[in-house]
Amino acid sequence: MLGCATSVAQEPVSEVPAWFINYQNDVKQRTTTLNIPGYAMLFVQRGQAPILVTEGKTHSGGESVSATTVFRLASVSKTFTGVLMAKLVAQQELNWQTQLVELVDQPKFRSQYTEALQLGHLIGQSSGYMPNAYDNLIEADYPVKRVLNQLADLEPLCSPGDCYTYQNALFGTLEHYFSTQNTSYHRQLQIHLFSPLEMARATAGKGALMASESWARPHIAIARNRWREGSVESNYYRFSPAAGVNASITDMAIWIQAMLGEHPDVVSQAIIDEVSQARVRTVRETYRRGWREHLDDAHYGLGWRVYDFEGYPLIYHGGWVKGYRADVSFSPETGAGYVMLMNAESNLINYTTADFWDIYFSEYSKAIKTASVIEAAEEQQPR
């Protein structure tokens, strides 16, 4: 069903664009063909009410997915971590030059680059360690300390800041840091983001997901267009700053509005600019299926990817853990945002998100050209 343009922050309700209705119907047809169990998505334009769309079931025989159904966000969690750490830096509780060894005293990182490795490199995915180092140990349910001990013995591929090296395990240092401060990652999210933004169903952790009044169960592919309901795994939840946040599509509407500058008292424009600044180039992203026809360049910021989408800056992150996919994105130039959450490991999301922005930017360009023609005609009218 197409959720009516319900207001999350009392924005004026506007008519749903015809192009989005066509897009929504196309997504529904494609997800039906693939038997996707359920999904939720949204489109928001700055200053207007979000358009929320929900389809399918939380699980076989379960309730329908609604605007308040909670999904796992997987690596989209890094967008929250980036903004959270930027807020702590702004409050001078930390700084981007804080050394890794100040965040975690065990294990003893021993590489030649240890002293140069800083918080900004961790959040900006430029630590220098082999990409996705020891994700296999995370997936094998190794505890944080053991995974970090293994990571400590690795020799980085490059000096911190010099190359893009995507990590999950290294984010475990933040779990350790917060525990030494007599708090937790979840508590800090609640204090600095979830509560002030009134993201009522956003949480972190496996227990919080399963305690939600409505939550989408994970589904794993067992054959072409066939899915099996699985269990919620604990592994990546142990590294919550990397992949431990849960939220409903209503919560994500608020999150995107915040990133579009609509909650400056919580997420300032300075923080938005800081986390979405291109820092290290991510060449492989430009070859992604579904995206490669559109991306002219790609970088990583601080917890966010920074794309050049056919000339338009696009701030994006995707998430994927067993049984779930998620995409979140916004255009700072045009003031638009898009999110899709799915309780299945389907690659369809690669195409639906890229297709959305292809259509949106095309419509935006046409609107700008039309406005220019009208303005020119009006200027030629006698006064």
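Modeller: Before we start, helices (H or I, at least four residues) and strands (E, at least two) are DSSP runs, numbered from the N terminus. The model is predicted, so local features need pLDDT of at least 70 and side-chain atom pairs count only at 80 or more, while totals for chains, interfaces and linings use all residues. Residues are numbered from 1 along each chain as its sequence is written, and side-chain values use heavy atoms, with hydrogens and water left out.

Colleague: Let's begin with a helix. Which residues of H1 are buried?

Modeller: An α-helix has 3.6 residues a turn, so residues three or four places apart point the same way. Here, Trp19, Phe20, Tyr23, Gln24, Val27 and Thr31 of H1 are buried (under 20% relative accessible area with a 1.4 Å probe, protein chains only; exposed is over 50%, partly exposed in between). Seen down the axis of H1, the buried residues fall within an arc of 135° (taken from the directions from the axis to the C-beta atoms), so they line one face of the helix. Ala18, Asn22, Gln29, Thr32 and Thr33 are exposed on the face turned away from that buried side.

Colleague: How many residues does H1 have, and what follows the helix?

Modeller: H1 covers residues 18-33, which makes 16 residues, and reaches 23 Å from first C-alpha to last, close to the expected 22 Å (1.5 Å times one less than the number of residues). Asn35 follows H1, with a positive phi near 60°.

Colleague: Now a strand. Is E12 enclosed by the rest of the structure or open to solvent, and why?

Modeller: In a regular strand the side chains alternate between the two faces of the sheet. In E12 (residues 324-331), eight of the eight residues are buried, so the strand is largely enclosed by the rest of the structure. Tyr324, Ala326, Val328 and Phe330 are buried on one side, and Arg325, Asp327, Ser329 and Ser331 on the other.

Colleague: Which strands pair with E12?

Modeller: Pairing here takes at least two DSSP bridges between two strands. E11 (residues 312-321) pairs with E12 in the antiparallel sense over seven bridges, and E13 (residues 336-342) also does so over seven bridges. Asp327 is a handy landmark: Gly318 stands opposite Asp327, and Met340 in E13 is a bridge partner of Asp327. In the E11 and E12 hairpin, with two residues between the strands, Gly323 has a positive phi near 95°. The E12 and E13 hairpin has four residues between the strands, and there Gly335 has a positive phi near 75°.

Colleague: And pockets: which residues are closest to the centre of the largest one?

Modeller: Rolling a probe the size of a water molecule over the atoms shows where empty space is left. On a 1 Å grid over the protein atoms alone, a pocket is an open set of points where a 1.4 Å probe fits, with protein on both sides within 12 Å along at least five of seven lines; lining residues have an atom within 4 Å of a point. The largest pocket has a volume of about 930 Å³ (the space filled by probe spheres set on the points, which are joined across faces, edges and corners). Of its 33 lining residues, Asn132, Tyr166, Glu285, Arg305 and Trp320 are the closest to the centre.

Colleague: Which element supplies the largest share of that lining?

Modeller: E11 does, with six residues. H5 (135-139), E11 and E12 each supply at least two residues of this lining.
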